Amino acid sequence: MTTPAPVLVNLDGPVLSITMNRPEKKNALTHAMYGAMADALNRAASDPAIRVVVITGAGDAFTAGNDLGDFLNAPPHDGEAPVLRFLAALSAAEKPVVAVVNGLAVGIGTTMLLHCDLVYAARAASFTAPFVNLALVPEAASSLLLPRRIGHAKAAELFLLGGRMDAAQAEAMGLVTAVFDSQVLAAEAASRAQALAAKAPGAVRATKALMKRGEEPVAERMRAEGVLFAAQLKSPELREAITAFTEKRAPDFSKVSS
């Protein structure tokens, strides 16, 4: 009998889905899985036909975090380690990344969400970051990004005490975009991913880039926005958007280069 691949990669039109597929281990992540996910993200980055990436887990879990046995046998030690390749590709992704958290999200299952643009969760999902419990420290720049997102006190509860956050709390604090019942989660997320993929890709990437810029003076941000706004005014995307508006139809950006 053929063993299922631990990571499934599926292309549905302009949306590339990456599924952590080790449900019997709650999708605990191995070096090989990180490598496969990094390759999929790099594929999405280089293929102009791919507009959106979706990351989810098989079964009833998003991921239980790192497979500790696998990591203890071969701990990452340089920038070419699969986990670091994955985090680099995820954090540098220019195209939008949608996370679909269908169950527990432990460790990197929570911290990777800080690099995703939209996060949809099942009501039964939970979020934990038990690094200190394992005599480890946070990764994925989460020691910077999580306090910035949810505040120092709540981040400290997750990181220092190994606390747990449910989906409703995660949504209220801005870690999760929206929460759905488990039976409709995948369909709701897929609908939003396809809607996002139908938008002007250049404008989407430029907007994401603006949103990911660090703290800076208002005048500097306005200058950066002005440069990109001027570029979009000259783009084929704008011409298609205006033409569609005047013709009273939905714009079709599928054949517009950006």
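In this predicted model, the buried residues of helix 9 pack against four other elements: strand 5 (97–101), helix 8 (182–197), helix 10 (218–233) and helix 11 (236–246). The residues of helix 9 that are buried are Pro201, Gly202, Val204, Ala206, Lys208 and Leu210. A simple check can be made on the length of this helix. Helix 9 runs through residues 201–212, which makes 12 residues, and at 1.5 Å a residue the expected span is 16 Å. Its end C-alpha atoms lie 17 Å apart, so the length in the model agrees with the expected one.

Helix 9 also has a part in the empty spaces of the model, which are described next. Rolling a probe the size of a water molecule over the atoms shows where empty space is left. The largest pocket holds about 760 Å³ of space. Its lining is made up of 28 residues, and those nearest the centre are Leu114, Asp117, Arg149, Met211 and Lys212. Strand 7 (118–122), helix 5 (142–150) and helix 9 are the elements that give two or more residues to this lining. Which of them provides the largest share? It is helix 9, with 6 residues. Sorted by class, the lining of the largest pocket has 14 nonpolar, 5 polar and 9 charged residues.

The second largest pocket contains about 540 Å³ of space. It is lined by 21 residues, and Asn66, Leu68, Phe71, Phe131 and Leu136 are the closest to its centre. Helix 2 (68–73) and helix 3 (82–91) supply at least two lining residues each. As for the classes, the lining of the second largest pocket comprises 17 nonpolar residues, 3 polar ones and 1 charged residue.

Helix 3, one of the contributors to the second largest pocket, can be looked at in the same way as helix 9. Its buried residues are Val83, Phe86, Leu87, Ala89 and Leu90. Where do they sit around the axis of helix 3? They cover an arc of only 165 degrees, so they lie on the same side of the helix. The neighbours against which the buried residues of helix 3 pack are helix 1 (31–46), strand 3 (52–57), helix 2, strand 5 and helix 4 (108–111). Strand 5 thus appears among the packing partners of helix 3 and also among those of helix 9.

Besides its pockets, the structure has 1 cavity of 30 Å³ or more. The space in this largest cavity is about 60 Å³. Its lining consists of Ile50, Arg51, Val52, Lys95, Pro96, Leu196, Ala197, Lys199, Pro201, Val204 and Arg205. Helix 8 and helix 9 are the elements that give two or more residues to this lining, and helix 9 again has the largest share, here with 3 residues. Pro201 and Val204, which are among the buried residues of helix 9, are also among the residues that line the cavity. By class, the lining of the largest cavity has 7 nonpolar and 4 charged residues, with no polar ones.

A few single residues in the loops also deserve a look. Asn27 has a phi near 60 degrees, a positive value in a residue other than glycine. This residue is placed in the loop between strand 2 (15–20) and helix 1. Is Asn27 buried or exposed? Its relative accessibility is 0%, so Asn27 counts as buried. Ala141 likewise is a residue other than glycine with a positive phi, near 60 degrees. It belongs to the loop between strand 8 (126–128) and helix 5. With a relative accessible area of 41%, Ala141 is partly exposed, because this value falls between the limits of 20% and 50%.

Two further residues are exposed, and each can be paired with a residue elsewhere along the chain. Ala92 is located in the loop between helix 3 and strand 5. Its relative accessibility is 54%, so Ala92 counts as exposed. Between Ala92 and His115, which are 23 residues apart in sequence, the distance from C-alpha to C-alpha is 8.6 Å. Phe245, for its part, is found in helix 11. It counts as exposed because its relative accessibility is 67%. Phe245 and Glu220 are 25 residues apart along the chain, and 32 Å separates their C-alpha atoms.

Definitions and conventions. Residues numbered from 1 in each chain as written. Predicted model: local features only at pLDDT ≥ 70, side-chain atom pairs only at ≥ 80, totals over all residues. Heavy atoms only, no water. Expected span 1.5 Å × (residues − 1). Buried < 20%, exposed > 50% of the residue type's maximum accessible area, 1.4 Å probe, protein only. Contact = heavy atoms within 4.5 Å. 1 Å grid on protein atoms, 1.4 Å probe; cavity = no way out; pocket = protein on both sides within 12 Å on 5 of 7 lines; lining within 4 Å. Points joined across faces, edges and corners; volume = space filled by probe spheres on them. Nonpolar A, V, L, I, M, F, W, Y, C, P; charged D, E, K, R; others polar. Arc of directions from axis to C-beta.
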